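Look at the sequence and the model below, and keep both in view while reading. The report goes through one helix, a sheet, some ring pairs and a single loop residue.

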Amino acid sequence: MNEQGAIGPELLVELRRDDGAPLRAQLEAGLRAAIRAGRMTPGARLPASRVLARDLGVSRRLVVEAYEQLRAEGYLEARTGAGTFVHTDGTAASTPPAPPPGGPLHPSTLRYDFFPGAPDLAGFPRADWLRATREALRRLPDRALGYPDARGVPELRAQLAGYLRRVRGVVAEPDRLVVVAGAQQAVALTAAALRTVLGATPRVAVEDPGFPRHRALLAEAGMQLVPVPVDEDGLRVDLLAAGGADAVLATPAHQSPTGVALAPDRRGALSAWARDGGIVIEDDYDAEFRYDRPPLGALQGLAPEHVVYLGSTSKTLAPALRLAWIVAPSPFAQPLARARLMADGGSPAIDQHALARLIDGGTYDRHLRAARRRYRERRDALAAALHRHLPGARVAGIAAGLHAVVEPPAPVDEAALMAAAAARSVGVYPLGWAYVTPRHAGGAMVLGYATLPEPAIREGIRRLADAFAEARDAPLSPPPTAEQIAALMTSPGG
């Protein structure tokens with residue numbers, strides 16, 4: 001390999017020529033510290049010895065000897081014709097940071113991870129996305145590569161307005177749409193707009209149980225949170241007035257996490273509450289996926305001037321796209337547009353044009369139909385595996401969406417079940433953690449099935465049954481606090 005091919009990355013190593021320590025010893029210590037701290041990760045390539053020597057102003061021999069010493073210690077490895085790399089076998093050279101107490105909420109290293117917040121990432125339509133991006137770049141005029149409209153490029157807002165009218169029954173016009181960087185930003189910007197429109201500190205009702213990340217965002221924005229219970233018919237709308245809420249964050253089509261749909265009489269009551277002066281923030285996070293029930297339109301269609309509607313591609317395509325949207329009532333259109341401008345100036349324009357082309361050409365609809373069939377098969381595999389390996393378990397919330405709520409056949413401590421499952425490389429997520437005040441829920445779990453193929457689902461549930469048998473006799477441990485759960489949330493909010 002020539003020198004140019006072996007250059008590798010730049011590397012910050014400080015050598016002090018005024019403290020009397022030998023330069024080679026300083027270099028070796030600096031490299032060890034970089035690897036131990038994680039600045040040089042396993043498998044990372046180091047600069048070629050002559051390049052690093054030139055950058056540091058030392059002889060090449062000094063660098064070669066330092067590399068040889070760290071190879072002897074197990075920190076580095078030489079690959080013939082390729083260069084010098086940080087060792088990849090997990091030696092003492094790399095010391096990963098300890099996980100937070102209680103373990104992460106999203107332990108992505110587990111082999112059978114029933115994480116409920118992601119779609120099938122392997123199903124992302126790479127070829128279609130690449131084709132749409134190439135076509136967008138071919139057609140875009142040079143001026144389109146300047147600073148984008150912070151509300152979103154007009155082409156995407158027009159396509160989204162048509163799609164939402166057609167598929168979700170949303171009353172949508174392009175000038176009421178704001179494209180944002182994921183549902184998390186949508187909630188944060190909506191909170192900022194609430195302050196602008198309502199003036200004083202708003203009281204925002206939240207579903208209990210509900211999605212912890214969005215509650216945390218509202219609290220971080222200074223909202224006063226009002227917990228409202230959820231039952232088998234969805235949000236207890238009758239309790240909104242008693243709580244004195246100015247607004248409510250709700251998931252009417254598929255409640256997160258219980259999976260119930262808001263009952264028809266409560267949909268009417270919620271829209272009436274909104275028309276009487278309240279504001280509904282409708283998180284329509286996975287309504288495209290339904291299996292055993294007819295389509296359910298968005299609540300926004302019943303009271304478009306009183307509902308802030310949120311949607312995203314995080315469940316339909318991939319969370320990494322960071323593309324979401326807000327359909328704003330008239331009083332919120334300008335405050336949301338300004339909040340978006342002040343936040344970061346807008347989403348990447350090329351990705352927006354690519355999504356617009358996917359929608360315009362029908363590719364987005366075809367992808368959703370194929371994904372719906374795949375997820376239904378995985379849902380059925382989950383239900384069958386639970387019936388076989390955990391007889392007596394109750395499965396709920398599976399008529400739509402990407403996750404199920406599973407109550408085990410007998411109460412069990414959530415922490416013990418999680419630990420026993422993790423020991424078998426299975427990730428499970430307690431329903432009790434979704435409450436405003438975290439509680440024991442008898443071992444009820446929120447299990448996502450979208451990311452795992454059917455064989456993995458069956459094996460994961462078999463292992464989960466073994467974990468349940470191990471944890472069944474464990475004493476109850478204290479549930480984590482809301483603050484601990486917020487600190488453990490390492491997954492994206494959509």
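Just after helix α11, Gly 362 takes a positive phi of about 85°. The model is a predicted one, and this angle is computed from it like every other value here. The helix that comes before Gly 362 covers residues 349-360. Its 12 residues, at 1.5 Å a residue, should span 16 Å, and the end C-alpha atoms are 16 Å apart, so the expected and computed spans agree.

Which residues of α11 are buried? They are Ala 349, Gln 352, His 353, Ala 354, Leu 355, Ala 356, Leu 358 and Ile 359. An α-helix has 3.6 residues a turn, so residues three or four places apart point the same way. The elements that cover the buried residues of α11 include the helices α4 (126-139), α5 (154-168) and α12 (363-389). Strands β4 (177-180) and β11 (324-327) are also among them.

**The sheet**

Both β4 and β11 belong to an open sheet of eight strands. The order across the sheet is β4-β11-β10-β9-β8-β5-β6-β7, and the pairing is mixed. Strands β4 and β7 (234-235) stand at the edges with a single partner strand each, so one side of each has no neighbour in the sheet.

Strand β9 (residues 279-283) has β10 and β8 beside it in that order. Is β9 enclosed or open to the outside? Five of its five residues are buried, so the rest of the structure largely encloses β9. In a regular strand the side chains alternate between the two faces of the sheet. In β9, Ile 279, Ile 281 and Asp 283 point one way, while Val 280 and Glu 282 point the other way. All of these residues are buried.

Strand β8 (residues 247-250) is likewise covered on both faces. Ala 247 and Leu 249 are buried on one side, and Val 248 and Ala 250 are buried on the other.

The pairings around β8 and β9 can be set out as follows.

| Strands | Sense | Bridges |
|---|---|---|
| β8 and β9 | parallel | four |
| β9 and β10 (307-312) | parallel | four |
| β5 and β8 | parallel | three |

Individual residues can be followed across these strands. Val 204 has Ala 247 in β8 as its bridge partner, and Ala 247 in turn has Ile 279 in β9 as a partner. Further along, Leu 249 stands opposite Ile 281 in β9. To get from β8 to β9, the chain passes through helix α9 (residues 264-275), and this β-α-β crossover is right-handed. Ala 250 has Glu 282 of β9 as its bridge partner, and Glu 282 stands opposite Tyr 309 in β10.

Two helices lie across parts of the sheet. Helix α5 lies across β4, β10 and β11, and runs at about 105° to β4. Helix α6 (residues 182-198) lies across β4, β5 (203-208), β8, β9, β10 and β11, and runs at about 160° to β10.

**Aromatic pairs**

How many aromatic pairs does the structure hold? There are four. In one of them, the rings of Phe 124 and Trp 129 have their centres 6.0 Å apart and their planes at 55°, so this pair is tilted. Phe 124 counts as buried at 16% relative accessibility, and Trp 129 is buried with a relative accessible area of 11%.

The rings of Phe 289 and Tyr 375 have their centres 5.1 Å apart and their planes at 80°, so this pair is edge-to-face. Phe 289 lies in the loop between β9 and β10, and Tyr 375 lies in helix α12, so the pair ties together parts that are 86 residues apart in sequence. Phe 289 and Tyr 375 are both buried.

**A loop residue**

Where does Met 40 lie? Met 40 is in the loop between α1 (23-36) and α2 (49-56). Is Met 40 buried or exposed? With a relative accessible area of 8%, Met 40 is buried. Beyond its neighbours within four places in sequence, Met 40 is in contact with Leu 11, Ala 34, Ile 35, Arg 45, Leu 46 and Val 86. Val 86 is 46 residues from Met 40 along the chain, yet the C-alpha atoms of Met 40 and Val 86 are separated by 7.0 Å.

How values were computed:
Residues are numbered from 1 along each chain as its sequence is written. This is a predicted model: local features need pLDDT of at least 70, side-chain atom pairs count only at pLDDT 80 or more; totals for chains, interfaces and linings use all residues. Side-chain values use heavy atoms; hydrogens and water are left out. Helices (H or I, at least four residues) and strands (E, at least two) are DSSP runs, numbered from the N terminus. The expected span of a helix is 1.5 Å times one less than its number of residues. Buried means under 20% relative accessible area, exposed over 50%, partly exposed in between (1.4 Å probe, protein chains only). Contact means heavy atoms within 4.5 Å. Two strands pair if DSSP finds at least two bridges between them. A crossover is right-handed if, with the strands pointing away from the viewer, the path from the first strand over the helix to the second runs clockwise. Axes are lines fitted to C-alpha atoms, for helices over the stretch in contact, and angles run from 0 to 180 degrees between N-to-C directions. Rings of Phe, Tyr and Trp (its six-membered ring) pair if their centres lie within 6.5 Å; planes under 30 degrees apart count as stacked, over 60 as edge-to-face and the rest as tilted.
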